[in-house]
Structures are given as C-alpha cells and as structure tokens.
Amino acid sequence: MKQSEWDVIIVGAGPTGGRTATHLASLGHSVLMLEEHSEIGRPFQCAGLVTPKALHEVGLYDSILEEIDGARIHGPNGSLVPVGTDGKLRTYVVCRKKFDQGVVQQAMEAGASLWLNTQPRSAETTQDGVSLKIESNGEERELKCKLLIGCDGAHSWTRRYFKMGRPKEMMIGFQAEVLGYQGTDRWLEMYSGSEIAPGFFAWVIPSGFGSHRIGIWSTPERLNGRSVEQCYDDLLQHPLWKERFQNIKEIARFCGPIPSGMVKKTVGNRIMLLGDAAGMAKPTTGGGIGPGFKQIKGILEPLSKAIFEDKLSEKNLNKITSKHFQSMKKDQDKARLLRNLLVSDVEDNELDKHFENFSRPDVLELINEIGDIEKPVPLGLALVKKVPAFRKLALKAGTRLLFR
Ligand SMILES: Cc1cc2nc3c(=O)[nH]c(=O)nc-3n(C[C@H](O)[C@H](O)[C@H](O)COP(=O)(O)OP(=O)(O)OC[C@H]3O[C@@H](n4cnc5c(N)ncnc54)[C@H](O)[C@@H]3O)c2cc1C
C-alpha cells in the first residue's frame, strides 16, 4: 500500500520542487513529490544558464555543458558591447535534464518520495489539513497532508485551483538547438532590436559538443500579433547577422512561458507557491532556477518549525514568508523598472544611443565591476546615477520608485 498521509505534498518535481523536497526531507518531514510526466526534466524548456551560486548550492557539476565568461551584446544597429572578461567565469550552461534529475535525486536521497505520472485533481483545505484527490497512473486516490506546496511551474494548477492571482508578466520564450553556428568559445551572444525581440533580446548560447541554443523572448503585448517563431526567422535573416546563421542545422525547437512578477497571494491556508508557480523568474534574464532556490532557502527554519507544530494557517504562513518574499518582490519590481527604462520601453534609435553609452570605457568598466547576472539592480542603479544620459531618463520616469 502506498502511504496516504504526508507532512508535505509538493506538486511538481522541477528544480524548485526538488530543492524544496530536499530541504524539508533533510529536516525530518515526510515529503511526497507529485510529477505529471513519466520522467524528470522532460519536456525541456530552458536555455540552461545556471548561476554559480545556484550550481554550487546543489553541486551538480556533471550537468555542466559549458562555462561562460561573458556576453557579446549587439545593439539594433549592429554596435557591439562585450561584457565580461576572458577566463573569469560568469555563469554555467547545464543539461537541464541531468540538472533536474540530479536535484530530484538529492530529494529522494534525503528521504522524499516521488510519484511519476501523477496529477492533483481537486483539493480541500480545512483547519486540520489538506485532502487531495489525485490521479496516479490512471488510478484515483485520496491523500492527506499538513501543507500543500505548488512548485508546478508557469501554468501552476495549485495557483489556479486556489485562485492565487497571476504573475505580473508572462513572457513567451522560443528556442532552437542548432549545430553549425560559429560563435566565440565561452561567450554567449545577445541580439536586440524591435524586429527580432521587441523590448527584450535574442540569445545564442554555446551548449556543448559544437551545438548552440538560439532563443528569443518577449511579451505578447510587445509582439503585437507576431509570433516568437517569426522573430526567430527574422533574426536568422537579419541583414546585419544572417551570415552567422547560414550554416546552421536545427536539431530541436520548443516554446515556453516565463512568468515574472510575484503573484499577489503566495500563501493560503496550508498552501504555498514557490518558483515559476509564484512568478519568480527574473524580469531581466528570465532565469527562474536561482530565484526558486532562494525563495525556499530564505524561509526554511520557521517553515520547518511551523510544520512540526502544525501551525500552517494563512496568517502563520504569511508571518513566515512575508519579509523574505516581499524583499524578493521589491528587487524584482526594481529590476523590471530599470529594464523598462533602459531597454524594454525604448525605441530602437534610443536603444542605439544607450548602446553608445554602454560602450564608453568608463561605463563598460562599471558594468564589468558591478554587473552580476544574479543581481542586476545595483548595476542598473549605478548606471542611472553615474551616466548623465541615463540619469535624465530616470528623473523623467520618477526616481522615487527606483530608490525606494
Ligand atoms: C525558452 C526558455 C528559456 C529559459 N532559460 C532559462 C535559463 O537559462 N536559466 C534559468 O534559470 N531559467 C530559464 N528559464 C526559466 C526556467 O525554465 C524556469 O524558471 C524553471 O524551470 C522554474 O523551475 P520550477 O521548478 O519552478 O518550474 P518547472 O521547471 O516548470 O517545473 C514544474 C514541474 O511541475 C510539473 N507539473 C506541472 N503541472 C503539474 C501538475 N498539475 N501535476 C504534477 N506535476 C506538474 C512539471 O511537469 C514540471 O516538472 C527559461 C524558460 C524558457 C521558457
């Protein structure tokens, strides 16, 4: 007989679910992960960039495909701003399947259980616990737990079932895995301009064994009826860059959502949302693995205590999470504001002027000194403080919001 009562049930065994299960199982709680797919890490929708901090946290070095020292960023008119230094590692590119499987395996080694081919169908929360109806390998079952955590990604069932709001932005990402792109070793490329990635950027990332990931992301409003696939085709045909793409051979393509902007309600009575389900991806890069890890790590001790004491009302969960989650939300809001100011809400000709400023030696020095994929806010703030052209922009946009 499979166990039917658990301290914690986690819906979704992606990186956030796996990491959350590892922490909670290590602290002595009985934890069950429910995963709708028949294997972990598939389907894969990710460029695979993992920050050193997140990678060191889990130590999954065998999932690394490439090490990246910097980004060569291209302005709409073809200007180039290289950010980074040869030999100074900035980020890793991983095999997401291996990474996700490694994270979930760590959870199981810590004592958590995993049921594949399993989805929740309905749930009821009471003072005493959560009753969850699930379908597992075609069979219906009823489970009970003290706490239900939704780590079920961008279209989270948990978030929708408990009406917990929507992420502020839902970007659309598209990516193709290709062979035959001639890039620079250890550097990724970013291409900007309204024709190819309105308000955002396209990327080309080396992904090991001579392959590259070519991707694009934007928001539906900015795409204005175009699809991200059309943007991708426009990048490949762009007069400034088409030669680089002429010998590529596609081996896979996929499309996926990137939810960014923490939902209003991250907790309810005995319910919590983490990771993409809570809208945690970064507005500047779309990275969601690091934020998911950070979100659970920052509340572990009080959460574990509350699970032991079975004090998991909405009020208590709010007490446990609000300081940490609100500080993450504030950072996310600032990063979005700076992104809109400098890149997303800017016409191409203005963006070209920004690139002129970015490529000034003193500004480049600043970018290289303070620039951190994980913490874009300090760099953005330094740019608007120290570069006169950006300061004017910030004043126009209302600086109070930025420096609050
Ligand atoms: C094109 C693209 C490129 C990206 N590039 C990067 C990048 O380079 N770096 C980065 O950090 N992030 C990137 N992201 C974002 C990243 O993929 C997510 O932020 C990250 O996977 C979030 O982890 P998660 O565990 O919260 O959610 P997910 O990885 O989405 O995991 C959710 C899990 O829940 C399961 N699930 C969903 N619904 C149910 C259900 N009802 N029942 C049971 N199981 C369910 C899913 O099958 C999945 O296994 C990218 C996203 C896209 C679309």
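Q: Which helix gives the largest share of the shell around the ligand?
A: In this predicted model, the elements that give two or more residues to the shell are helix 1 (15-26), strand 9 (118-125), strand 12 (169-179), strand 16 (249-260) and helix 8 (289-297). The largest share is three residues, and it comes from helix 1.

Q: Which residues come nearest to the ligand?
A: Let's look at the shell by class to begin with: it has 13 nonpolar, 18 polar and four charged residues. Of the 35 residues around the ligand, the nearest are Gly12, Gly14, Gly153, Gly275 and Gly288.

Q: From which domains does the shell around the ligand draw at least three residues each?
A: The domain assignment of the protein chain gives domain 1 (5-46 + 96-167 + 261-312), domain 2 (67-91 + 169-259) and domain 3 (333-403). The ones that each supply at least three residues to the shell are domain 1 and domain 2.

Q: How many residues of domain 3 are in contact with domain 2?
A: The centres of domain 2 and domain 3, taken over C-alpha atoms, are separated by 21 Å. On the domain 2 side, the residues that touch domain 3 comprise four nonpolar, nine polar and one charged. Those 14 residues of domain 2 meet a partner set in domain 3, and that set numbers 11 residues.

Q: Which strands stand at the edges of the open sheet with order 3-7-4?
A: This sheet has three strands with antiparallel pairing, in the order 3-7-4. Each edge strand has a single partner strand, so one side of each is left without a neighbour in the sheet. The edge strands are strand 3 (49-50) and strand 4 (64-68).

Q: Which residue in strand 7 stands opposite Val50?
A: Strand 3 and strand 7 (residues 91-94) pair in the antiparallel sense over two bridges. Opposite Val50, strand 7 places Tyr92.

Q: Is Glu35 buried or exposed?
A: Glu35 is found in the loop between strand 2 (31-34) and strand 3. Leaving aside neighbours within four places in sequence, Glu35 is in contact with Gly12, Ala13, Ile40, Leu114, Leu116 and Thr118. Because 23 C-beta neighbours lie inside 10 Å of Glu35, this residue counts as buried.

Q: What is the C-alpha to C-alpha separation in space of Glu35 and Val50?
A: In sequence, Glu35 and Val50 are 15 residues apart. In space, their C-alpha atoms are apart by 22 Å.

Q: Which residue follows Arg42 across a cis peptide bond?
A: The bond in question has omega near -10°, and it starts from Arg42. The residue that follows lies in the loop between strand 2 and strand 3. That residue is Pro43.

Q: What is the phi of Arg186?
A: Arg186 sits in the loop between strand 12 and strand 13 (187-191). With 17 C-beta neighbours inside 10 Å, Arg186 counts as partly exposed. Its phi is positive in a residue other than glycine, with a value near 65°.

Q: Is Asn224 buried or exposed?
A: Asn224 is found in the loop between helix 5 (220-223) and helix 6 (228-237). Although it is not a glycine, Asn224 has a positive phi of about 50°. Because there are 10 other C-beta atoms within 10 Å, Asn224 counts as exposed.

Definitions and conventions:
Residues are numbered from 1 along each chain as its sequence is written. This is a predicted model: local features need pLDDT of at least 70, side-chain atom pairs count only at pLDDT 80 or more; totals for chains, interfaces and linings use all residues. Two strands pair if DSSP finds at least two bridges between them. Helices (H or I, at least four residues) and strands (E, at least two) are DSSP runs, numbered from the N terminus. A residue is near a molecule or strand if its C-beta atom, placed from the backbone, lies within 6 Å of it. Ala, Val, Leu, Ile, Met, Phe, Trp, Tyr, Cys and Pro count as nonpolar, Asp, Glu, Lys and Arg as charged, and the others, Gly among them, as polar. Domain bounds come from an automatic or database domain assignment. Two residues are in contact if their C-beta atoms, placed from the backbone, lie within 7 Å. A residue is buried if 20 or more other C-beta atoms lie within 10 Å of its own, exposed if 12 or fewer, and partly exposed in between; C-beta atoms are placed from the backbone.
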